[in-house]
Amino acid sequence: MQVLYLDWLHSWQACDDLHYLVACKGSSVIVFSVVAKNDILTQKPSYKIIQGIHKMPITGLACTQNGTIHTCSLDGSVQTTSVDSAIASAVSCAVKKGFTCSGIGVSANGVFIALFLSPSNHTQQYLESHQIHIRFVNIVWGSNSVERLLNSNEVQLDRKWDVCKAIQHNMYYSKKLPEPLQLVSTGAMEGSSFAVLAIMQYALTVMRVISQQQEDDLAGNQVQQLKWAAQLEWIRDYIYKRLVSARLNSWLEGRKAGTVSPLDSVPALIMCDWLVTKGIDSAVTDMVTQGYEACNDIEGLKKVLSHTVKSQENGKESSSGLLLQTGKATENQSVIFQSNAKAVKSQVNDKDRTLAGVTDESFTLLTREQCPLCQTAIAVESLEYGICLSGHRWPRCCVSFVICAELTLRRCQDCNRCVSTPSPGSSPWLRSLLKMTKCPFCLGFFH
């Protein structure tokens, strides 16, 4: 009996040199272990036969990225197994009478199964047209299945549509958020993967829409709506905090490596300003302080010092060491700026003009950005957009966080966030960031 189906299987437990090739022969599954490096076999392939999965010959094979093997047989039975397991589990699905199953397809995260059904020979004799049917099966049904899916660390975020649809379907009928998404706290967020955070944001967005459409069924009220809105904003800020902290750290490393340019101080200051605005803790205080020091920004250092003093007064954390460090940094910056005393004096005396964007060249970074249309200052109020004093609104780049003023922009296909286009004078650090093909916020593709 010949081998009918072949598919490569990814295993999260496998090393980079170990690969699995799955084959189907009769009603059995054969798993080959292939060890290769630089496209050269380093060991003789071995194999394992998993027998008794189906009663009838296998007619379809599909493998997912989480290491699950899906097979189907002529009678429409669907079984799932893995490399490390010798026992298969059945998936409940009924095949249309008079049809046989001749193929299977599985979504990226194994949430939906599509069965290819064709008329049997007996049925074809009584049908004028031999119609082909495709049956879709949702194998993540019920609260327990959704919770297992959310607790998994193997969700492919760039192909999360099936996970989102399963959660949306569950919330529509249960009228509530899945259990893992009901509690939003700092402790829960710290231990969550980026995939879970993105899915949590999606679930809260959908839940708000469902509650507005079915307010009577949900006995919804304005308090609940405001609660979900606050949770949604909190999660978005937390995701941005992760992204901004990582991006600022890469800027500091790039500065040491010499891959950043003086123009890259603008995105660095924007990131520092946003972190201070949202409230910095001891984990990012040092990094923000280093960012302001690198950009020779005294006003930013004063913000860090002020925030630390307030935190100490409120009793949120003991920050005496941070105060000394920030005060020392401010003192060091005062020494640096003594050589430019005239500019400092001008900045202090003309603070109002500084805020309006009319400053000495040495302090143009204090306004961070200016509106391309009216040249007024743009405050860092949000990382999604920037609004100047005249009311002009500009989208922000989701990679560098500066405003996008180009006519041609790439946007994320899922969340519609934009990314700037690198210019001929962009630094190697910025150019490498802007070459991203996936959105850092949701991992959707740019187009």
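Q: Why is there no bond between the sulfur of C295 and the closest cysteine sulfur?
A: That closest sulfur belongs to C272 and lies 6.6 Å away, which is too far for a bond. A disulfide is a pair of cysteine sulfur atoms within 2.5 Å.

Q: What kind of model is this?
A: It's a predicted model, where local features need pLDDT of at least 70, side-chain atom pairs count only at pLDDT 80 or more, and totals for chains, interfaces and linings use all residues. Residues are numbered from 1 along each chain as its sequence is written, and side-chain values use heavy atoms, leaving out hydrogens and water.

Q: What rules out a bond for C418?
A: Its closest cysteine sulfur, in C404, is 3.0 Å away, so that pair is too far apart for a bond as well. Search the whole structure and you get zero disulfides.

Q: Do C295 and C418 count as buried or exposed, and why?
A: Buried means under 20% relative accessible area, exposed means over 50%, and partly exposed is in between (1.4 Å probe, protein chains only). C295 has 10% relative accessibility, so it counts as buried. C418 has a relative accessible area of 1%, so it is buried too.

Q: Why is the pair W234 and Y238 called what it is?
A: Start with the search of the whole structure, which finds five aromatic pairs. W234 and Y238 form a stacked one, with 5.8 Å centre to centre and 10 degrees between the planes. Here's the rule: rings of Phe, Tyr and Trp (its six-membered ring) pair if their centres lie within 6.5 Å, and planes under 30 degrees apart count as stacked, over 60 as edge-to-face and the rest as tilted.

Q: Why are W234 and Y238 about one helical turn apart?
A: Because they sit four residues apart in helix α8 (residues 222–257). As for cover, W234 has a relative accessible area of 33%, so it is partly exposed, while Y238 has 9%, so it is buried.

Q: What makes the pair of Y240 and F441 tilted?
A: Their ring centres are 4.9 Å apart and their planes stand at 45 degrees, so tilted is the word. This pair links distant parts of the chain: Y240 is in helix α8, F441 is in the segment after α15 (428–434), and 201 residues separate them. Both Y240 and F441 are buried, and they form one aromatic cluster with W274.

Q: What sits over the ring of F441?
A: The charged end of R417 does, 3.6 Å from the ring centre. To earn that label, NZ of Lys or CZ of Arg must be within 6 Å of the ring centre and within 35 degrees of the ring normal. R393 has its charged end over the ring of Y385, 3.7 Å from the centre.

Q: How do you know that the span of helix α9 agrees with what's expected?
A: The expected span is 1.5 Å times one less than the number of residues. Helix α9 (residues 265–278) has 14 residues, so it should span 20 Å, and its end C-alpha atoms are 20 Å apart. Helices, by the way, are DSSP runs (H or I, at least four residues), as are strands (E, at least two), numbered from the N terminus.

Q: What makes α9 mostly covered?
A: Of its 14 residues, 12 are buried, including C272 and W274. Just after α9, G279 takes a positive phi of about 95 degrees.

Q: How well does helix α10 agree with its expected span?
A: With 13 residues (282–294), α10 should span 18 Å, and its end C-alpha atoms are 19 Å apart, which agrees. Among its buried residues are V284, M287 and Y292. N296, which follows α10, has a positive phi near 55 degrees.

Q: How do you know that β10 and β11 pair?
A: Two strands pair if DSSP finds at least two bridges between them. Strands β10 (residues 99–106) and β11 (residues 112–119) have seven, in the antiparallel sense. V106 is bridged to I113 of β11, and F99 to P119.

Q: Why is one side of β10 and of β12 left without a neighbour in the sheet?
A: The sheet is open, with three strands in the order β10-β11-β12 and antiparallel pairing. β10 and β12 (133–138) stand at the edges with a single partner strand each, so one side of each has no neighbour there.
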